[in-house]
Amino acid sequence: MYTIKTFQQLLTDKLAKHQGTTVEEASDKDLYYAVASIVKEEMNENWLKTRQKYKEQDERQVYYISMEFLIGRLMESNLLNCGMLDVCTDTLKSLGRDPEAVYNQEHDAALGNGGLGRLAACFLDSIASLRYAGHGSGIRYRYGLFEQRIIHGNQVELPDYWLKEDYPWETRKPEEALKVQFGGEVHTHRRFDGSLEFSYNDVDIVRAVPYDVQVAGYDNDVVNTLRLWSAELPPEDSSILADSESKYYHHLDHMHSIEQISGFLYPDDSHYEGKELRIKQQYFLVSATLQNIIREYKERHRAPLHKLHEKIVIQINDTHPSLAVPELMRILMDDEGFSWEEAWEVTTQTIAYTNHTTLSEALEKWPVDMIKNLLPRVFMIIYEINERFCKGIWFDHPELRDRIPEVAVIAHDQVHMAHLAIVGSFSVNGVAKLHTEILKNKEMKPFYDLFPEKFNNKTNGITHRRWLLQVNPKLSDVITEAIGPQWIKQPSKLIGLMRYSNDQPFLDKISSVKQHNKLVLAQLIKERTGITVNENSIFDVQIKRLHEYKRQLLNIFHVIYLYNELKDNPALDLTPRTFIFAAKAAPSYHMAKEVIKLIHHVASVVNNDKDIGDKLKVIFLENYNVSLAEKIIPAAELSEQISTASKEASGTGNMKMMMNGAITVGTLDGANIEIRDLVGDPNIFIFGLNSEEVLDYYAHGGYNAKGIYHTDERVRKIMDQLNGGEFGSQEIEFKDIFYHILYNNDPYFVLKDFDPYIETHELIERSYRNQKAWQKMSVANIAYSGKFSSDRTIHEYASDIWKLKPLK
Ligand code: OAK
């Protein structure tokens with residue numbers, strides 16, 4: 001345990017030895033690197049010990065393969081988990097330095113788009129904190145998710161070159177590099193025993209170099225690893241001598257393209273792009289990871305690879321790593337001499353698949369020719385998987401013969417990755433109860449009919465260590481003062497707060513923490529936007545990727561509606577509101593960018609209208625990322641979770657805000673339903689169509705959007721304002737949104753849910769006026785949020801799917 005004195009000494013030594021400077025002279029950046037190096041060294045010993053334990057013990061281990069790990073900044077979470085956050089913060093203060101300025105030196109590692117990537121990061125924290133043997137495997141993109149700037153209301157994207165300065169949390173392991181092969185020709189030979197042997201000609205080789213990032217458990221001695229692979233030029237190899245001009249140019253081309261493989265993260269959230277480079281990234285990740293797993297298995301066990309599934313489980317994060325199925329087959333058959341049946345047995349008992357969306361535009365379907373050219377041997381295996389699967393249905397399930405085209409792995413010259421993932425795995429899970437039911441009864445019904453035993457639900461969670469303890473220390477102190485510190489290791493203990501829901505002094509403390517956090521956020525808003533917000537207004541927050549189904553548009557319609565009301569009746573008694581938005585749109589997503597533009601134009605009209613004063617303010621914070629979320633969430637009072645029912649698989653922002661005492665206004669979608677089931681109707685504001693109603697409308701061609709436009713004056717006025725250029729100018733108008741809603745028949749039910757949404761906000765407004773009642777609701781939300789700790793989720797994965805026991 002460090003004291004301020006010993007930590008000061010350590011820091012002074014570090015600065016002197018590594019940077020040749022003193023505390024007085026050091027810049028914030030110098031201090032950042034010095035602290036990082038102290039923390040990293042602190043973790044090293046346990047890192048080594050953990051790896052040794054994994055080698056010695058014969059226990060099962062999980063590999064979590066994901067194209068995204070949205071880890072954000074690591075300094076504070078590492079300090080926290082190592083028990084050094086307070087002492088470090090106090091030491092920096094004692095030296096007259098601003099700890100936040102030091103921690104803010106770290107560039108967010110934005111190696112993910114949104115929900116799926118952040119979930120992977122939360123899972124790593126819980127796996128280590130619960131002492132499970134688990135490894136993350138991903139890509140070390142040189143450019144993370146783009147940096148967003150807003151110019152005249154328009155989103156522009158800048159490259160996120162996050163590695164331009166040293167990244168202190170990674171360790172390059174060149175001695176553990178592996179080779180990944182692309183392209184070439186496959187030759188088949190028959191061995192004496194009749195089995196087949198495959199050899200390759202003219203393959204393109206990429207070197208996969210691992211960079212390891214430590215993942216420290218909270219207050220324990222476990223330090224796991226997130227291994228990020230970087231694509232590099234292979235070492236000189238004279239066997240690649242080109243014997244023709246075309247081969248020579250092909251080779252040069254390949255050399256030139258190698259580094260693109262780990263070049264950048266595709267910026268699409270829940271949207272499939274079908275680019276060749278993307279499938280190269282996926283195969284690169286999968287092949288390097290599997291080779292690495294086999295290598296580690298052989299080092300660890302004397303048992304033959306036939307027992308791989310007894311020791312290893314591989315969780316694939318959506319279908320992006322689903323080439324793991326044919327790649328594991330390839331390795332087992334071609335490199336390890338397994339028969340098809342043996343390889344299939346091991347593969348399908350090793351791999352488990354998580355689905356994160358039912359949006360059809362997110363479904364990955366790769367053209368057969370692309371895979372054939374890029375991965376000829378892998379394609380042969382996929383082809384065979386498909387043949388055997390379809391034949392199996394034909395003979396064993398004659399009643400399902402008609403449905404073969406629906407479930408085939410290869411159909412219409414495309415490889416259906418979700419089908420490959422389901423057929424090739426032993427577990428398929430959704431990420432919230434409703435989502436799993438929709439998978440079973442609708443999206444994946446024929447597969448559920450074939451393999452009911454594979455399907456299961458694992459409702460998402462978030463790490464309460466980062467999302468409460470770290471980002472909201474004042475609230476954490478109030479909680480600990482009331483119920484003791486056990487909730488930190490057992491978040492379900494938060495329920496103990498219910499005892500205080502009528503305790504006025506406690507409620508006052510909760511509300512003064514919220515007030516403090518609001519002031520801090522108000523200051524940040526002032527610094528970043530120049531706008532002064534009323535700190536007594538309701539902080540109404542919607543922060544997430546911009547997507548039509550998430551319906552930021554419905555939210556801004558509410559703002560316009562209130563604005564119109566106030567203009568018509570300036571004396572209207574309205575509790576002041578601050579609407580806070582932050583969202584990135586995929587660069588090619590036109591409608592999403594239009595909505596960002598609309599929010600900005602509405603903001604500029606509303607915020608500058610003297611009649612409105614500080615009754616309404618609309619804030620859009622640029623460049624939403626993990627560290628911005630960490631600053632907004634503690635100050636949120638109202639959490640907007642207003643997706644079109646059935647579309648949001650789970651949501652995790654809903655959980656983060658609930659845990660920080662915000663009340664949800666939401667649809668019966670994703671995990672909102674489970675939040676409602678826990679806190680009860682009085683502690684949440686539910687509105688709008690439910691998923692059955694939505695799905696029913698879809699089945700019957702939608703509803704009549706024009707009807708609502710013609711009958712609801714409030715709606716017509718807003719729509720006409722968009723169409724007439726009221727929020728903009730002659731050049732800037734929002735006709736695309738207008739036409740999309742009216743002529744594409746409002747596919748996300750914005751107009752349909754408008755009336756119940758407005759009505760619910762009127763109820764919210766009345767509820768907020770009774771501050772005591774509001775505080776009680778807030779406490780109930782914090783108290784019940786323990787279920788949404790990713791510790792609960794990981795315990796469920798570990799016991800139901802992974803069959804892991806915590807490390808002794
Ligand atoms: C991203 C790319 C492809 C498919 C899905 C995603 C994704 O991020 N999905 C989101 O996953 C989260 C974690 O499970 C869920 O909470 C979100 O509802 C879901 O949209």
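Two residues are in contact if their C-beta atoms, placed from the backbone, lie within 7 Å. The structure described here is a predicted model.

**Domains**

The domain assignment of the protein chain gives three domains, each built from more than one segment, as tabulated below.

| Domain | Residues |
|---|---|
| Domain 1 | 1–57 + 79–107 |
| Domain 2 | 62–73 + 109–142 + 168–458 |
| Domain 3 | 471–688 + 757–794 |

The centres of domain 1 and domain 2, taken over C-alpha atoms, are separated by 37 Å. Between these two domains, 16 residues of domain 1 are in contact with 14 residues of domain 2. Helix α2 (residues 28–56) supplies 11 residues, the largest share of the side of domain 1 that touches domain 2. By class, that side of domain 1 has seven nonpolar, five polar and four charged residues.

**Ligand shell and Lys656**

The ligand lies between domain 2 and domain 3, because both domains give residues to the shell around it. There are 18 residues around the ligand, of which Gly115, Leu116, His356, Ala649 and Ser650 come nearest. The shell divides into five nonpolar, 10 polar and three charged residues.

An unreviewed UniProt entry carries the annotation "modified residue: N6-(pyridoxal phosphate)lysine", which covers Lys656. Lys656 is found in helix α24 (residues 653–659). Is Lys656 buried or exposed? Lys656 has 29 C-beta neighbours inside 10 Å and therefore counts as buried, the threshold for that class being 20 or more. Leaving aside residues up to four places away in sequence, Lys656 touches Ile462, Trp467 and Ile633.

**Core and helix packing**

The largest nonpolar core holds 231 residues. Those that touch the most other members are Val35, Phe284, Ala324, Ile382, Val559, Val602 and Ile632. For Val559, the contacts beyond four places in sequence are Phe579, Val602, Val606, Leu616 and Val618.

In helix α16 (residues 433–443), the buried residues are Leu434, His435, Thr436, Ile438 and Leu439. Among the elements that cover these buried residues are strands β18 (427–430) and β19 (455–457), together with helices α25 (672–679) and α26 (691–699).

**An exposed loop position**

Asn536 is found in the loop between α20 (504–529) and β20 (538–543). Asn536 has 11 C-beta neighbours inside 10 Å, so this residue counts as exposed. Asn536 and Gln641 are 105 residues apart in sequence, and their C-alpha atoms are 22 Å apart in space.

Conventions: Residues numbered from 1 in each chain as written. Predicted model: local features only at pLDDT ≥ 70, side-chain atom pairs only at ≥ 80, totals over all residues. Near = placed C-beta within 6 Å. Nonpolar A, V, L, I, M, F, W, Y, C, P; charged D, E, K, R; others polar. Domains from an automatic or database assignment. UniProt positions renumbered as here; feature names shortened; annotations may be inferred. Helix = DSSP H or I, 4+ residues; strand = E, 2+ residues; numbered from the N terminus. Buried ≥ 20, exposed ≤ 12 C-beta atoms within 10 Å, placed from the backbone. Core = buried A, V, L, I, M, F, W, Y, C linked by C-beta atoms within 7 Å.
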